[in-house]
Amino acid sequence: MTKCSHLDQIKDVKPEVNICEDCIKLGDTWFHLRICKICGYVGCCDNSKNKHASKHYHSTKHPIIQSIEPGENWLYCYIDDTFIKPF
Ligand SMILES: [Zn+2]
Ligand SMILES: [Zn+2]
Ligand SMILES: [Zn+2]
């Protein structure tokens, strides 16, 4: 059972890009990519220099991201600080 109470905010979003556009603007690279499950924003993970996925949460309060790396499909809620199994 998940402890997350924000699952009803998830939208049926699909990643439109396979890059971190904010890193490209800065001329930087990234490690892994995450998608915001509320608006579809694609940003880089916390192991990346710029942590754009976390910055997106802090600026928008969109709580749930999903990994879009091949072979990874877990979700994560920032507010509950918990990983969520995919449905
Ligand atoms: Zn939650
Ligand atoms: Zn980035
Ligand atoms: Zn978002």
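**Exercise 1. Which residues are the protein donors of the zinc ion (ligand 2)?**

Before you start, keep in mind that this is a predicted model.

*Solution.*
- Step 1: Look around the ion. You'll find C20, C23 and C44, each giving its SG atom, plus H52, which gives ND1. These donors lie 2.0 to 2.3 Å from the zinc ion (ligand 2).
- Step 2: Check the angles. Among the 4 donor atoms they run from 103 to 119°, and the site is tetrahedral.
- Step 3: Now go to the sequence. The donor residues follow the spacing C-x2-C-x20-C-x7-H. Take the pair C23 and C44: C23 sits in helix α1 and C44 in strand β2 (residues 42-44), so to speak two distant parts of the chain, 21 residues apart, are linked here.
- Step 4: Finish with accessibility. C23 and C44 are both buried, and for C23 the relative accessible area is 0%.

**Exercise 2. Work out what holds the zinc ion (ligand 1), and why its arrangement is called tetrahedral.**

*Solution.*
- Step 1: List the donors. They are C4 (SG), H6 (ND1), C77 (SG) and D80 (OD), at 1.9 to 2.3 Å from the ion.
- Step 2: Compare the angles with the cut-off. Four donors count as tetrahedral if all angles lie between 85 and 135 degrees. Around the zinc ion (ligand 1) the 4 donor atoms subtend 99 to 119°, so the arrangement is tetrahedral.
- Step 3: Read off the spacing, which is C-x1-H-x70-C-x2-D. C4 belongs to the segment before α1 (21-26), while D80 is in the loop between β4 (75-77) and β5 (82-84); this pair links distant parts of the chain, 76 residues apart.
- Step 4: Ask how open the two ends of that pair are. C4 is buried, at 9% relative accessible area, whereas D80 is partly exposed at 25%.

**Exercise 3. Find out how many salt bridges a search of the whole structure gives, then describe three of them.**

*Solution.*
- Step 1: The search turns up 4 salt bridges. As background, side chains of opposite charge can pair when their charged atoms come close.
- Step 2: Begin with K14 and D12, whose closest N and O atoms are 3.2 Å apart. K14 is exposed, with 57% relative accessibility, and D12 is exposed too, at 69%.
- Step 3: Move on to D22 and K25, which meet at 3.3 Å, N to O. Both lie in helix α1, 3 residues apart, or about one turn of the helix. D22 is partly exposed at 23%, but K25 is exposed at 68%.
- Step 4: Take E72 and R34, with the closest N and O atoms 3.6 Å apart. E72 is in the loop between β3 (64-67) and β4, and R34 is in strand β1 (residues 33-36), so this pair ties together parts that are 38 residues apart in sequence. E72 is partly exposed at 26%, while R34 is buried at 9%.

**Exercise 4. Say how many disulfides the structure holds, and check C45 as an example.**

*Solution.*
- Step 1: The count is 0 disulfides.
- Step 2: Test C45. The nearest cysteine sulfur belongs to C44 and is 6.7 Å away. A disulfide needs the two sulfur atoms within 2.5 Å, so a pair at that distance doesn't qualify.
- Step 3: Note where C45 sits: at 3% relative accessibility, C45 is buried.

**Exercise 5. Put the strands of the sheet in order and explain why β2 and β5 each have one side left without a neighbour.**

*Solution.*
- Step 1: There are 5 strands in an open sheet, ordered β2-β1-β3-β4-β5, and the pairing is antiparallel.
- Step 2: Look at the edges. β2 and β5 stand there with a single partner strand each, so one side of each has no neighbour in the sheet.
- Step 3: Add the twist. On average, neighbouring strands are turned by 35° against each other, direction ignored.
- Step 4: Zoom in on one pair. β1 and β3 pair in the antiparallel sense over 3 bridges, and I35 stands opposite Q66 in β3. In general, strands of a sheet pair through backbone hydrogen bonds.

Definitions and conventions
Residues numbered from 1 in each chain as written. Chains lettered and ligands numbered in written order. Predicted model: local features only at pLDDT ≥ 70, side-chain atom pairs only at ≥ 80, totals over all residues. Heavy atoms only, no water. Donors = N, O, S within 2.8 Å, 3.2 Å for Na, K, Ca; no water. Tetrahedral: all angles 85-135°; square planar, octahedral: opposite > 155°, others 65-115°. Helix = DSSP H or I, 4+ residues; strand = E, 2+ residues; numbered from the N terminus. Buried < 20%, exposed > 50% of the residue type's maximum accessible area, 1.4 Å probe, protein only. Salt bridge = Lys/Arg side-chain N within 4 Å of Asp/Glu carboxyl O. Pairing = 2+ DSSP bridges. Axes fitted to C-alpha atoms, helices over the stretch in contact; angles between N-to-C directions.
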